[in-house]
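Here is a friendly walk through one model, going from the whole chain down to single residues. Have the viewer open as you read.

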Amino acid sequence: MTDLTPQKDAALAAIADAASLEALDEQRVAALGKKGWVSLALKTLGGMSPEERQEAAPAIQAVRGEIAQAIDAKKAALETAELEAQLASETLDLTLPAPATPQGSIHPVSQVMDELAEIFADLGFSVATGPEIEDDWHNFTALNMDESHPARAMHDTFYFPDAAPDGGQMLLRTHTSPVQIRSMKEHGAPIRLIAPGRVYRSDSDATHTPMFHQVEGLVVDRDIHLGHLKWTLETFFKAFFEREDITLRLRPSYFPFTEPSVEVDVGYSNEGNRRVVGGHGDAEGHDWMELGGSGMVNRRVLEMAGVDPDEYQGFAFGLGIDRIAMLKYGMNDLRAFFDGDPRWLSHYGFAAVDQPTLSAGVGAAS
């Protein structure tokens with residue numbers, strides 16, 4: 001067997017003198033590569049007798065291990081030196097601001113829902129929710145809408161082919177009023193709640209979409225009258241629009257679930273291309289704008305919800321969340337609310353930390 005000591009000593013010296021990882025890899029290939037001298041020495045074991053192989057193999061393997069260990073140690077040293085050189089040549093100014101990172105935003109509809117909850121909570125209202133897939137009894141019948149009511153027509157309502165448990169029809173709710181029925185049936189009276197959420201109607205243009213958001217309010221207690229309704233809405237609008245010069249006008253109307261019924265108008269003025277809520281509608285440069293419907297809860301609705309109308313009275317109102325968001329924040333096309341355009345969201349969205357509070361301002365913009 002050939003003595004590998006001279007080759008080993010020369011290789012160890014070359015490994016120790018390697019000045020870069022590239023030079024070190026050349027030594028690895030020369031010794032341990034497929035055609036390296038250590039690999040070739042191992043191949044000679046195949047032509048030896050068993051006795052010769054038993055004597056030569058341990059020596060060759062020892063040389064191979066010593067070379068590999070030397071290469072690993074040198075590689076670690078070279079990598080450490082390279083890192084230290086890089087750290088010494090590069091500096092980081094910790095006083096510079098961190099680079100901007102993409103951030104999401106709160107959708108105006110979600111922001112306004114939080115504002116509604118904050119304001120009405122201060123007035124003693126709780127927030128109630130209910131299913132968006134409703135049966136026609138809760139959505140229509142319990143609200144005193146007979147079979148011939150136009151809202152039941154297919155062109156207004158999205159119906160499902162499945163039948164309700166009582167044999168009626170299932171549908172996407174057209175308002176959040178069913179939440180009021182369910183809440184009265186479960187909790188009885190007195191009750192004071194708002195019911196915000198998604199509702200669905202077959203309509204689509206610049207100010208209407210097949211899906212939109214609505215908030216309805218309900219107060220049922222003893223000795224409730226229209227004065228309580230007007231005060232509640234006036235107090236809410238002053239807090240929501242953050243103006244003290246809000247003026248409301250209650251105009252007689254008709255809804256099957258309230259009697260008497262009134263439309264709620266608010267004074268406003270035009271500033272540029274934007275309607276600004278505030279002021280008296282009959283003042284110069286002002287006009288009236290309808291914001292929602294309301295009235296005293298119909299006796300039949302109270303009876304169907306299990307509340308005694310001779311003992312309790314109540315008022316109810318409904319507002320479009322998307323509509324009041326457009327008025328407050330200066331948007332002019334309802335369809336943009338649901339387009340998912342990140343440019344629109346970055347302009348009209350709110351930072352996640354801007355939680356509305358009555359003390360800091362319910363409409364703090366991002």
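A residue is called buried under 20% relative accessible area, exposed over 50%, and partly exposed in between (1.4 Å probe, protein chains only). By that rule, 41% of the 366 residues of the chain count as buried. This is a predicted model, so local features need pLDDT of at least 70 and side-chain atom pairs count only at pLDDT 80 or more, while totals for chains, interfaces and linings use all residues. Residues are numbered from 1 along each chain as its sequence is written, and side-chain values use heavy atoms, with hydrogens and water left out.

**Overall layout**

The chain holds 11 helices and 11 strands, which are DSSP runs numbered from the N terminus (helices: H or I, at least four residues; strands: E, at least two). Its radius of gyration is 39 Å, well over the 21 Å that the globule rule gives for 366 residues, so the chain is more spread out than a compact globule. That radius is taken over C-alpha atoms, and the rule is 2.2 Å times the number of residues to the power 0.38. Along the principal axes, the C-alpha atoms fill a box of roughly 115 × 55 × 35 Å. Gly65, in helix H4 (residues 50-89), and Phe158 are 78 Å apart in space, C-alpha to C-alpha.

**Core and helix packing**

The largest nonpolar core has 43 residues, and Val112, Leu116 and Phe241 are among those that touch the most other members. Such a core is a set of buried Ala, Val, Leu, Ile, Met, Phe, Trp, Tyr and Cys residues joined through side-chain atoms within 4.5 Å. Elements giving two or more residues to this core include H5, helix H8 (226-241) and H10.

How do H5 and H10 pack? Helix H5 (residues 108-122) and helix H10 (residues 321-329) pack at an angle of about 95°, with their axes 10 Å apart. That makes H5 roughly perpendicular to H10, a term for angles of 65 to 115 degrees. The axes are lines fitted to C-alpha atoms over the stretch in contact, and angles run from 0 to 180 degrees between N-to-C directions.

**Backbone details**

Most residues other than glycine have a negative phi, and most peptide bonds are trans. These residues are worth a look:

| Residue | Backbone feature | Place |
|---|---|---|
| Asn144 | positive phi, about 65° | loop between H6 (136-139) and S3 (159-163) |
| Asp223 | positive phi, near 60° | loop between S6 and H8 |
| Pro190 | cis bond from Ala189, omega near 0° | loop between H7 (177-187) and S5 (191-200) |
| Pro260 | cis bond with Glu259, omega about 0° | strand S8 |

Asn144 counts as buried at 19% relative accessibility, whereas Asp223 counts as exposed at 62%.

Conventions: Parallel < 35°, antiparallel > 145°, perpendicular 65-115°, else oblique.
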